[in-house]
Amino acid sequence: MRAIWRVMENWNGSGAGEEKITRQKLSDQVFERLREMIVRGDLAPGDPMPSERELMKRFGVGRPAVREAMQIMHTQGLITISQGERSKVSELSADLAFRQMDMVARMLLSSSSDNLEHLKEARRLFEVGMVKIAAQSATPEDVADLKQLVDDQKKMLGNPSDFIRVDIAFHSKIASMSGNPIFAAVSDAMLSWLFNYHTDLLIWSGRENVTLEEHMEIVACIERGNAADAENAMRSHLDRSQDLYRHHD
């Protein structure tokens, strides 16, 4: 009997609080219902969202709960809100998924130099793999696009922000040549996260012409269809440029 009481005392003590059931906010419940409607296909990409009045009636809630739920939907990229127009369901994509991570990723990179080094390592392995696929699958149109990006980048010498913008477009194009939208989204995300660390330092780096030469060599390897040379050229390019990304003190 004493053993039973000890079990009951432990249950009513420190462990009991871990099992408490919390009441979910109305707006969270509305959000969950709307998200389920999108997942089920009841609301398809491009469809207008029901009006506030319709949602209030359907879910039996007030306007504040509906508005808060809609704002959460917008913040998460599930719907787009335009002034004077009905909100519409967004196209779900890999790019959208990575954009939702953007703020957290930037904070993570800012918090520790180790995190930045990990991202640089991941980017190096990823882009070497991407350029191999590009060399194996490039079309004449792909090669022409890459050459045009290099030409565009030449015109941006002396303009750091635009030079980097085209630099990002060059690497993004190589990833997109895989035909895999997840690869393209990963590339865009990593380049976007690194952008803040590149901008300030490129102004005084004085290595922009080296970057252009390396890009031209990468394109030449892709045009020849030589995957091994393309991998080596990309690896060399990233090894040299990695120091341009440094943790802000």
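**Chatting through a predicted model**

User: Which side chain does the side chain of Asp142 make a polar contact with?
Analyst: In this predicted model, the Asp142 side chain makes a polar contact with the side chain of Lys173, at 3.1 Å.

User: OK, and where is Asp142?
Analyst: Asp142 sits in helix 8, which covers residues 140-154.

User: Is Asp142 buried or exposed?
Analyst: Buried: its relative accessible area is 13%, and the cut-off for buried is under 20%.

User: What else does Asp142 touch?
Analyst: Leaving out residues up to four places away in sequence, Asp142 touches Ser137 and Met177 as well as Lys173.

User: Switching topic: how many aromatic pairs are there?
Analyst: The structure has one. Phe126 and Phe183 form it edge-to-face, 6.1 Å centre to centre with 75° between the planes.

User: Where are those two in the chain?
Analyst: Phe126 is in helix 7 (residues 113-137) and Phe183 is in helix 10 (residues 181-205), so the pair ties together parts 57 residues apart in sequence.

User: Buried or exposed, that Phe126?
Analyst: Phe126 is buried at 14% relative accessible area, while Phe183 counts as partly exposed at 29%.

User: Cool. How many residues are in the largest nonpolar core?
Analyst: The largest nonpolar core has 33 residues, and Val131, Phe170 and Ile218 are among those with the most contacts inside it.

User: Which helix gives the most to this core?
Analyst: Helix 7, with eight residues.

User: And what does Ile218 touch?
Analyst: Not counting residues up to four places away in sequence, its contacts include Val131, Phe170, Ile174 and His237.

User: What about a second core?
Analyst: A separate core of 18 residues includes Leu34, Met49, Phe59 and Met70.

Technical notes. Residues are numbered from 1 along each chain as its sequence is written. This is a predicted model: local features need pLDDT of at least 70, side-chain atom pairs count only at pLDDT 80 or more; totals for chains, interfaces and linings use all residues. Side-chain values use heavy atoms; hydrogens and water are left out. Helices (H or I, at least four residues) and strands (E, at least two) are DSSP runs, numbered from the N terminus. Buried means under 20% relative accessible area, exposed over 50%, partly exposed in between (1.4 Å probe, protein chains only). A polar contact is a pair of N or O atoms within 3.5 Å; within protein, one must be able to donate a hydrogen and the other to accept it, and residues adjacent in sequence count only if both atoms are side-chain atoms. Contact means heavy atoms within 4.5 Å. Rings of Phe, Tyr and Trp (its six-membered ring) pair if their centres lie within 6.5 Å; planes under 30 degrees apart count as stacked, over 60 as edge-to-face and the rest as tilted. A nonpolar core is a set of buried Ala, Val, Leu, Ile, Met, Phe, Trp, Tyr and Cys residues joined through side-chain atoms within 4.5 Å.
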